[in-house]
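Below is a short note on the two-chain model you sent over. The points are numbered so that each can be taken up separately.

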Amino acid sequence: MLEIKNLHVEVGGQKILKGLNLNINDGEVHAIMGPNGAGKSTLSYAICGKPGYEITEGSVTFKGKNFLELEASERAGEGVFLGFQYPVEIPGVSNINFLRAAINSVRKYRNEGELAAGDFLKLIRSKAAELEMDPEMLKRAVNVGFSGGEKKRNEMVQMSMLDPIFAVLDETDSGLDIDALRIVADGINRMRCPEKSILVITHYQRLLDYVVPDFVHVLANGKIVKSGDKSLAIRLEKEGYAGLGIEENVA
Amino acid sequence: MVSTLETRQAVEEISGDYKYGFVTDIETVKAPKGLSEEVIRFISAKKDEPAWLLDWRLKSYKKWLKMEEPDWAMLDYEKPDFQDIYYYAAPKSADDRPKSLDEVDPELLKTYEKLGISLQEQEVLSGVAVDIVFDSVSVATTFRKALKEKGVIFCSISEAARDYPALMKKYLGSVVPAADNFYATLNSAVFTDGTFVYIPKGVRCPMELSTYFRINEANTGQFERTLIIADDNSYVSYLEGCTAPMRDENQLHAAVVEIVVLDEAEVKYSTVQNWYPGDKNGIGGIYNFVTKRAACRGLNSKVSWTQVETGSAITWKYPSCILQGDGSVGEFYSVAITNNYQQADTGTKMIHIGKNTSSTIISKGISAGKAQNIYRGLVKVMPNAENTRNFTQCDSLLIGDECGAHTVPYIEAKNPTSQIEHEATTSKISDEQLFYCLQRGLDVEESVSLIVNGFCKEVMQQLPMEFAVEAQKLLGISLEGSVG
């Protein structure tokens with residue numbers, strides 16, 4: 001599904017990723033852990049095409065397509081979703097209208113017709129119910145006045161509506177209480193199937209109690225320095241990065 | 001905001017061009033170039049006006065000769081050469097004063113079709129009566145019969161001068177006096193056409209009324225004058241729209257709008273201003289120097305101004321309310337968008353004279369490119385105005401880092417019981433907001449349009465349904481190319 005080779009990324013002239021390799025196959029869930037400043041968020045932005053993240057070397061291939069040639073919105077159209085660490089507020093634009101505009105843009109990219117208003121409403125109501133979101137929240141402006149947990153839950157509703165084939169979840173678990181964590185994990189697990197893949201970026205092992213990854217990678221100093229299965233995450237939690245011989249926050 | 005959908009489609013279709021920029025090739029009658037007593041007599045004679053009105057014009061002209069163009073606005077422009085302008089231009093065919101739509105020059109009807117304005121009365125769907133003003137004359141007014149049955153007078157101001165002299169004499173210049181300000185006085189001397197509306201006592205106008213202003217001729221100024229009178233217990237919703245061809249030289253549009261609202265009456269006045277804004281380098285475009293004022297004379301009377309200003313090279317405009325009647329209400333909802341080299345100095349004046357009067361001001365300024373956007377507003381509470389209230393909210397949105405937004409509020413409270421609130425914010429469309437939208441699949445234009453429409457929502461929802469969709473499309477189009 002996703003193949004990243006020797007990826008070098010600069011932001012504002014600063015080298016953040018320095019030769020990162022990552023291969024994610026259909027149906028796999030990968031987790032990336034790493035100390036602050038290792039380049040975890042940069043990796044998610046580079047995959048999704050955020051302007052300002054300059055790829056100086058390497059390649060990102062998604063479903064056989066050279067991803068680096070596509071704009072951010074086109075990558076979304078290809079079926080990539082990014083769950084943000086800090087979802088932004090968009091005053092005056094209701095969740096419903098935002099999602100409707102987003103879904104129809106993605107459908108247009110795929111040469112599909114617009115979703116009829118009635119079908120859209122049915123879908124969004126059922127998704128909100130699945131993720132235990134109050135339907136009133138759908139009428140409120142995107143993330144405006146939402147608590148940290150509500151914002152993350154909203155990301156899960158958006159993910160569920162947009163139905164991506166590959167999701168990058170950037171510290172979606174941070175700032176969540178245990179109930180919200182369960183709901184987010186539930187959202188991720190619902191997506192899990194042989195055709196879809198997920199990349200979870202997290203600081204803590206606790207999310208991985210709910211979402212069991214096929215692979216765990218440690219990102220430090222712009223590179224993947226260690227890969228393994230779930231036991232690697234547990235070891236990390238116990239021994240810390242230093243225990244694995246990884247310097248914390250080299251930058 | 002379901003219609004952001006339409007906004008997006010419009011953005012795709014139109015790809016950045018001002019789609020109203022064409023010129024209609026039509027035989028025209030003009031006054032000699034420049035301004036003089038003879039030209040004013042020429043205009044008055046063309047309109048077949050009564051003597052008192054010619055006198056009023058000439059007096060205004062004499063006053064204007066002694067006035068100086070104001071320079072307090074935060075605007076930078078080359079002052080017009082008043083002798084290099086045609087003050088009257090009209091299609092030759094309009095000379096015969098067509099009695100009905102069938103007699104109107106087909107070339108003119110085609111022009112409005114192209115502009116998307118329906119003049120066909122049988123198209124009840126549109127349900128809006130239109131007065132169309134082409135350069136210096138009103139060329140057609142629809143639904144007049146249906147309105148007349150209700151006692152509503154809806155005609156051009158030139159006709160009103162001939163047919164309703166009592167109302168005209170009583171109210172013309174009663175809200176904006178002839179000597180009010182430089183451009184209003186110029187307008188009083190040379191105004192050519194515009195709309196006259198009278199809603200009789202107890203009548204709720206059965207449909208939206210609107211005027212569509214079109215400048216066509218080169219080197220021609222448009223000096224329209226509109227007078228709306230809402231008698232006791234009446235209601236009317238009125239909308240104006242405007243467009244002009246693309247030209248390299250600046251053209252002057254100096255209008256005056258007067259509204260009189262009597263006991264318990266309400267007037268809702270909406271503007272979608274889309275004059276040619278000039279090109280990307282700031283060449284050409286309309287100078288929009290307009291005086292709009294409403295007098296709430298009656299008890300509990302109400303005026304609501306809603307404006308969406310997207311066009312014009314320069315906008316200088318402060319739709320105001322004189323809240324004279326006890327319990328009267330004034331509202332001002334404004335969206336002003338400036339892109340490229342456009343400049344807008346706009347806002348309102350709320351003058352509280354009566355007791356228990358209240359006013360609301362919501363202003364949304366959006367600035368992109370190298371444009372400057374200024375909110376300038378006055379809230380004045382007179383000594384006898386007990387228990388008045390005002391709430392003002394001015395929000396500015398900047399797109400890019402070469403544009404400017406300025407807020408200049410004036411508050412004069414002479415009564416200690418008044419409550420005045422003022423809130424102001426300035427924000428930018430952040431890269432984070434933009435990327436968030438992009439990541440969800442929206443392209444750059446769609447994202448900007450969505451964010452801007454959200455920013456303007458409080459104002460947009462004040463527009464009559466028929467025009468809200470059109471206005472939302474405009475927001476997207478005006479900002480094209482402003483990001484990325």
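1. I start with one residue, Trp275(B), which sits in the loop between strand 12 and strand 13 (285-296) of chain B. The model is a predicted one, and what follows should be read as a description of that prediction.

2. Is Trp275(B) buried or exposed? Trp275(B) counts as buried, because 27 other C-beta atoms lie within 10 Å and the cut-off for burial is 20 or more. Leaving aside residues up to four places away in sequence, Trp275(B) touches Cys242(B), Thr243(B), Ala244(B), His253(B), Ile286(B), Asn288(B), Gly311(B) and Ser312(B). Tyr171(B) is separated from Trp275(B) by 104 residues in sequence, and the C-alpha to C-alpha distance between them is 28 Å.

3. The loop of Trp275(B) follows on from strand 12, and strand 12 (residues 266-273) of chain B runs parallel to strand 14 of chain B, joined to it by eight bridges. One pair within this ladder is Glu266(B), whose bridge partner in strand 14 is Lys302(B).

4. Strand 14 (residues 302-309) of chain B has seven of its eight residues buried, so the rest of the structure largely encloses it. Strand 14 also pairs with strand 17 (residues 329-338) of chain B, again in the parallel sense and over eight bridges. Here Ser304(B) has Glu331(B) of strand 17 as its bridge partner. As background, side chains in a regular strand alternate between the two faces of the sheet.

5. These strands belong to an open sheet of ten strands in chain B, with the order 4-3-7-9-12-14-17-19-21-23 and mixed pairing. Strand 4 (137-141) and strand 23 (419-428) of chain B are at the edges; each has a single partner strand, so one side of each has no neighbour in the sheet. On average, neighbouring strands of this sheet are turned by 10° against each other, direction ignored.

6. Further along this order, strand 19 (residues 358-367) and strand 21 (residues 389-398) of chain B pair in the parallel sense, with ten bridges. Gly365(B) has Ser396(B) as its bridge partner in strand 21.

7. For chain B as a whole, the secondary structure amounts to twelve helices and 23 strands. The radius of gyration is 21 Å, which agrees with the value near 23 Å that a compact globule of 484 residues would have. Along the principal axes, the C-alpha atoms of chain B fill a box of roughly 65 × 55 × 45 Å. Of the 484 residues in chain B, 56% are buried. Among contacts in chain B with a separation of 6 or more, 84% are between residues 24 or more positions apart.

8. At the interface, 21 residues of chain B are in contact with 26 residues of chain A. On the chain B side, helix 1 (4-14), helix 9 (431-439) and helix 10 (444-455) each supply at least two residues. Helix 9 gives the most, with seven residues. By type, the residues on this side of chain B are ten nonpolar, five polar and six charged.

9. Chain A has an open sheet of six strands in the order 6-9-10-3-11-12, with mixed pairing. Its edge strands are strand 6 (80-83) and strand 12 (223-228) of chain A, each of which pairs on one side only. Neighbouring strands of this chain A sheet are turned by 20° against each other on average, direction ignored.

10. Within the chain A sheet, strand 3 (residues 29-33) and strand 11 (residues 215-220) pair in the parallel sense over four bridges. The bridge partner of His30(A) in strand 11 is Phe215(A). Helix 1 (residues 40-48) of chain A packs on this sheet, touching strand 3, strand 6, strand 9 (166-170), strand 10 (197-201) and strand 11 of chain A. The direction of that helix makes about 150° with that of strand 9 of chain A.

11. On confidence, the model scores ipTM 0.95 and pTM 0.84. Chain B averages a pLDDT of 86, and 92% of its residues score at least 70. Over residues 1-16 of chain B the pLDDT is below 50, although this stretch has 39 contacts in the model beyond near neighbours in sequence. Helix 1 (4-14) of chain B, listed among the helices at the interface, should be read with that low-scoring stretch in mind.

Methods:
Residues numbered from 1 in each chain as written. Chains lettered and ligands numbered in written order. Predicted model: local features only at pLDDT ≥ 70, side-chain atom pairs only at ≥ 80, totals over all residues. Rg over C-alpha atoms; globule rule 2.2 N^0.38 Å. Buried ≥ 20, exposed ≤ 12 C-beta atoms within 10 Å, placed from the backbone. Contact = placed C-beta atoms within 7 Å. Nonpolar A, V, L, I, M, F, W, Y, C, P; charged D, E, K, R; others polar. Pairing = 2+ DSSP bridges. Axes fitted to C-alpha atoms, helices over the stretch in contact; angles between N-to-C directions. pLDDT = per-residue confidence, 0-100.
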